[in-house]
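Here are my notes on the model you sent over. Have the structure open while you go through the points.

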Amino acid sequence: MALVKKIVLLLVLVAGLVVGVWFSTDNTQMVNVSLLGFGMPAMSLGLLICAVFALGTALGYVISLLPVLSLKNHNLSLKRKLNRRDKEIERLRRAPAKGKNTANG
């Protein structure tokens, strides 16, 4: 299953790269962009749009990782608690019984 997932990811990346190169070669007009009041060097429209799309994709991926990392951290915390409780249960099972013997009444 992991191999299939890697192959599909590779195919999607290659397809994205091919479409990006194709788009860049079809849109070669030079544009000037101002970013927060600062002028950027002139670049082709296709390259600019591909760069913005790639930046948006990367930013979306990073933002989607935040809840996943939070859940993994919570899962790890719960596993630690479970291990501590298992050790406590095992320790209590091995400990000699204190108090009255209930079998003699």
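1. Start with the character of the largest pocket's lining: 9 of its residues are nonpolar, 3 are polar and no charged ones turn up. Keep in mind that this is a predicted model. If you want to click through the lining, the residues are Val 12, Leu 13, Gly 16, Leu 17, Val 19, Gly 20, Phe 23, Ile 49, Cys 50, Phe 53, Ala 54 and Thr 57.

2. How much space lies in the largest pocket? About 340 Å³. Two helices, α1 (2-26) and α2 (45-94), each put at least two residues into its lining. The biggest share comes from α1, which supplies 7 residues.

3. Now look at how those helices sit against each other. The axes of α1 and α2 come within 6 Å and cross at roughly 150°. Angles over 145 degrees count as roughly antiparallel, so that is the label for α1 against α2.

4. Which residues make that meeting? On the α1 side you'll find Gly 20, Phe 23 and Ser 24, and these meet Gly 46, Leu 47, Ile 49 and Cys 50 in α2. Sorted by type, the contact of α1 with α2 has 4 nonpolar residues, 3 polar and no charged. Gly 20, Phe 23, Ile 49 and Cys 50 belong to this contact and are also in the pocket lining, so zooming in on them shows you both features.

5. Leu 45 deserves a look too. This residue lies in helix α2. Is Leu 45 buried, exposed or partly exposed? Its relative accessible area is 26%, which makes Leu 45 partly exposed, since that class runs between the 20% and 50% limits. Setting aside residues up to four places away in sequence, Leu 45 touches Asn 27, Gln 29 and Val 31. For a sense of distance, Leu 45 and Val 14 are 31 residues apart in sequence, and their C-alpha atoms are 21 Å apart in space.

6. Last, Asn 27, one of the residues touched by Leu 45. Asn 27 lies in the loop between α1 and β1 (30-31). With 17% relative accessibility, Asn 27 counts as buried, because the cut-off for buried is under 20%. Apart from neighbours within four places in sequence, Asn 27 is in contact with Ser 44, Leu 45 and Gly 46. Gly 46 is worth a second glance, as one of the α2 residues in the contact with α1.

Technical notes
Residues numbered from 1 in each chain as written. Predicted model: local features only at pLDDT ≥ 70, side-chain atom pairs only at ≥ 80, totals over all residues. Heavy atoms only, no water. 1 Å grid on protein atoms, 1.4 Å probe; cavity = no way out; pocket = protein on both sides within 12 Å on 5 of 7 lines; lining within 4 Å. Points joined across faces, edges and corners; volume = space filled by probe spheres on them. Helix = DSSP H or I, 4+ residues; strand = E, 2+ residues; numbered from the N terminus. Nonpolar A, V, L, I, M, F, W, Y, C, P; charged D, E, K, R; others polar. Axes fitted to C-alpha atoms, helices over the stretch in contact; angles between N-to-C directions. Parallel < 35°, antiparallel > 145°, perpendicular 65-115°, else oblique. Contact = heavy atoms within 4.5 Å. Buried < 20%, exposed > 50% of the residue type's maximum accessible area, 1.4 Å probe, protein only.
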